[in-house]
Amino acid sequence: MNEIFNRMPRRDGVSWNLVISGYVACGLSGKAVEVYKVMVRDGVRDLNRITFSTMLILSSSKGFIGLGKQIHGQVVKCGFDSYVFVGSPLVDMYSKGGLIYDAKQVFENLPEKNVVMYNTMLTGFLRCGMVEESQSLFHSMPEKDSVSWTTMITGFTQNRLGREAIDLFRAMRLEGLSIDQFTFGSILTACGGLVALREGKQIHAYVTRTNYMDNIFVGSALVDLYSKCRSIKYAETVFRRMNHKNIVSWTAMVVGYGQNGYSEEAVRIFCEMQRMGTEPDDFTLGSVISSCANLASLEEGAQFHGQALVSGLISFITVSNALVTLYGKCGSIEESHQLFNEMKIKDEVSWTALVSGYAQFGKAKETIDLFENMLAYGLHPDGVTFIGVLSACSRAGLVEKGRQYFESMVKDHGIKPILDHYTCMIDLFSRAGQLDEARRFIQKMPCRPDAVGWSTLLSSCRIRGDFDIGKWAAESLLELEPQNPASYVLLSSMYAAKGNWAEVAQIRRGMRDKGVRKEPGCSWIKYKSRLHIFSADDRSSPYADQIYDELEKLNRKLIQEGYVPDMSNIMHDVAESEKIKMLNHHSEKLAIAFGLIFIPPGLPIRVVKNLRVCGDCHNATKLISKVTQREILVRDAVRYHLFKDGTCSCGDFW
């Protein structure tokens with residue numbers, strides 16, 4: 001193209017514009033700019049509105065604001081500043097560069113404006129968060145088309161004004177305007193952000209009456225909607241019915257499964273995506289790694305780490321952050337920190353992931369040091385960061401420091417506490433034995449604690465033997481969630497510790513009469529990409545004989561180390577030998593025995609439990625880690641426990 005152009009004996013504006021447009025179309029922005037400069041140098045006679053429009057669109061798309069300003073000067077010099085065809089890309093260029101008032105000045109100086117020009121200005125206002133200005137301009141428009149309405153709906157959605165977006169969508173329908181894939185995509189996103197399932201279903205029904213049911217963009221938005229509304233089965237149904245899928249569709253399903261607690265399904269659908277020939281992007285890979293972190297599945301997570309390295313996606317901060325979280329949640333905090341150090345770019349999420357990783361394993365000093373370094377770098381912690389810091393203070397018994405951080409979170413960082421922050425403070429006071437202070441803190445809270453908060457206090461009262469506050473916490477928990485077995489179980493444990501078996505029996509009768517059932521405890525361990533699940537006294541495993549033999553050997557070693565079974569919470573009318581058997585065959589002990597048999601020496605044993613680890617299993621596992629010289633990571637319903645050399649990361653208070 002360039003060779004032919006250079007041979008031309010005579011060139012006019014059309015030939016110059018064709019060369020510039022050709023370079024732009026081929027992605028050769030630098031060449032296009034060079035040709036434009038030569039064109040200007042040779043004289044302005046061939047410059048026209050096509051030239052300026054093309055170059056302004058290039059400047060806008062590439063963020064060449066300095067070049068755009070120079071072209072604006074030439075536009076004025078050549079007398080093209082009154083042309084809508086040139087004015088529209090000028091407005092777009094300035095607004096994309098954050099120079100919204102320059103864009104507004106260009107817009108207002110145009111003597112004539114068409115609907116395209118108005119739509120460009122609307123987009124600029126909304127892109128800069130100037131919602132009121134966009135509304136005023138929208139209502140003043142002499143003519144509106146479908147793009148105008150869709151622009152406003154999209155802008156409302158992006159500015160988290162979902163309810164306004166839905167109202168405007170209804171008004172658009174009443175106007176009888178055509179609705180395209182972008183309108184549907186934006187309004188479904190708005191419904192998802194509001195968790196407005198009813199409105200989302202209504203729009204879904206409307207979609208089925210149009211030609212957009214098979215549209216990838218709309219289908220992906222529907223999957224995202226149902227996922228955010230925790231209707232994962234609807235999301236899956238929509239996804240399976242889609243005739244065509246792209247990376248956005250697959251990612252929506254991967255993220256949907258992960259956000260709804262179906263982490264295994266997220267991994268499965270990711271692998272299916274790859275088998276179907278769709279390669280992941282950074283967001284998809286980061287999402288599936290996050291699901292592995294939720295499963296505490298280091299085996300699969302490490303495979304995805306390898307994929308990130310081979311594909312080059314490790315350079316994306318979304319992937320690196322997910323990997324830092326993965327290794328932290330899987331107990332490999334050293335690997336997590338090493339990855340963090342290797343990251344060329346770190347954001348608040350990176351720091352928070354590492355802070356949370358150290359906090360989960362009771363490494364209070366490291367957590368606090370990291371947090372202080374984060375502040376020193378001028379980064380702004382969010383609510384999640386403070387949950388990690390407050391949790392670390394709680395583990396270390398740093399009551400005053402925890403109180404200072406809580407106050408700083410509100411006063412210095414403008415973060416409004418949520419229930420998780422209040423629960424951390426309740427745990428802080430309770431762990432330190434300041435149960436009266438915990439009660440006073442609860443009484444001053446602007447809202448009542450949730451079930452986790454009350455359970456935290458109740459559990460502390462059980463350990464500390466404070467029956468009065470414990471009873472208050474139990475009654476409050478029962479009032480909040482009458483069907484929650486935690487209050488019955490913990491209160492029963494308190495009576496059992498005092499030997500008041502009549503009260504224990506009465507509580508259990510009350511549970512039976514009210515139909516309250518304690519969730520069965522189960523533990524699982526992953527080996528060779530397969531989950532092995534155990535319940536108490538479970539003999540369903542094909543390796544049951546080996547597991548129980550291993551438990552017998554372990555028990556003899558533990559007794560030699562001074563282990564005494566804690567039978568205070570088992571009913572008094574059960575024979576002593578039966579009590580010991582019941583304790584020895586708890587689900588987490590079965591899973592640990594399986595790990596000792598099959599997980600190679602030198603590798604940590606990782607167990608997940610759906611309930612809290614009981615006191616006896618906690619003490620026994622500390623000794624198991626000592627006599628076997630193995631690291632054992634147990635993630636229960638409340639926290640992570642890293643057992644090593646006879647100690648636990650959470651200390652003696654779990």
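What does the chain average in pLDDT, and what share of the residues score at least 70?

1. The model is a predicted one, and its chain averages a pLDDT of 86, with 93% of the residues scoring at least 70. A reader new to the structure should nevertheless set residues 569-579 apart, since pLDDT stays under 50 over that stretch, for which the model has 18 contacts beyond four places in sequence.

2. As to the overall make-up, the chain holds 35 helices and six strands, and its C-alpha trace spans about 105 × 50 × 50 Å along the principal axes. Of the 654 residues in the chain, 51% are buried. Among the contacts with a separation of 6 or more, 61% are accounted for by residues that stand 24 or more positions apart.

3. The six strands form an open sheet, in which the order is 2-1-3-4-5-6 and the pairing is mixed. Strand 2 (530-535) and strand 6 (647-648) stand at the edges with a single partner strand each, so one side of each is left without a neighbour in the sheet. In general, the strands of a sheet pair through backbone hydrogen bonds, either parallel or antiparallel.

4. Strand 1 can be followed to two of its partners. With strand 2 it pairs in the antiparallel sense over six bridges, and Cys522 stands opposite Ser535 in strand 2. With strand 3 (residues 605-609), strand 1 (residues 522-527) also pairs in the antiparallel sense, over two bridges, and here the bridge partner of Ser523 is Lys609 in strand 3. Strand 1 and strand 2 form a hairpin with two residues between them, and Lys528 in the turn has a positive phi of about 50°.

5. Positive phi values deserve a second look, because most residues other than glycine have a negative phi. Arg160, which is not a glycine, has a positive phi of about 60°; it is found in the loop between helix 10 (146-158) and helix 11 (162-174), and with a relative accessible area of 79% Arg160 is exposed. Arg230, likewise a residue other than glycine, has a positive phi near 60° and lies in the loop between helix 14 (216-228) and helix 15 (232-241). Arg230 counts as exposed because its relative accessibility is 57%, where exposed means over 50%.

6. Among the helix pairs, helix 17 (residues 263-275) and helix 19 (residues 298-311) pack at an angle of about 35°, with their axes 13 Å apart, and helix 17 passes helix 19 in a left-handed crossing. The residues that meet are Val267, Phe270 and Gln274 in helix 17 and Glu300, Phe304 and Gln307 in helix 19. By class, this contact has three nonpolar, two polar and one charged residues.

7. Leu122, in helix 8 (residues 115-127), offers an example of a buried position, and it counts as buried because its relative accessibility is 0%, where buried means under 20%. Once its neighbours within four places in sequence are left aside, Leu122 is in contact with Ser134, Leu137, Phe138, Met141, Ser148, Thr151 and Met152. From Leu122 to Ala620 the separation is 498 residues in sequence and 66 Å in space, taken C-alpha to C-alpha.

Terms used: Residues numbered from 1 in each chain as written. Predicted model: local features only at pLDDT ≥ 70, side-chain atom pairs only at ≥ 80, totals over all residues. Heavy atoms only, no water. Axes fitted to C-alpha atoms, helices over the stretch in contact; angles between N-to-C directions. Helix = DSSP H or I, 4+ residues; strand = E, 2+ residues; numbered from the N terminus. Left-handed = near helix turned anticlockwise from the far one by under 90°. Contact = heavy atoms within 4.5 Å. Nonpolar A, V, L, I, M, F, W, Y, C, P; charged D, E, K, R; others polar. Buried < 20%, exposed > 50% of the residue type's maximum accessible area, 1.4 Å probe, protein only. Pairing = 2+ DSSP bridges. pLDDT = per-residue confidence, 0-100.
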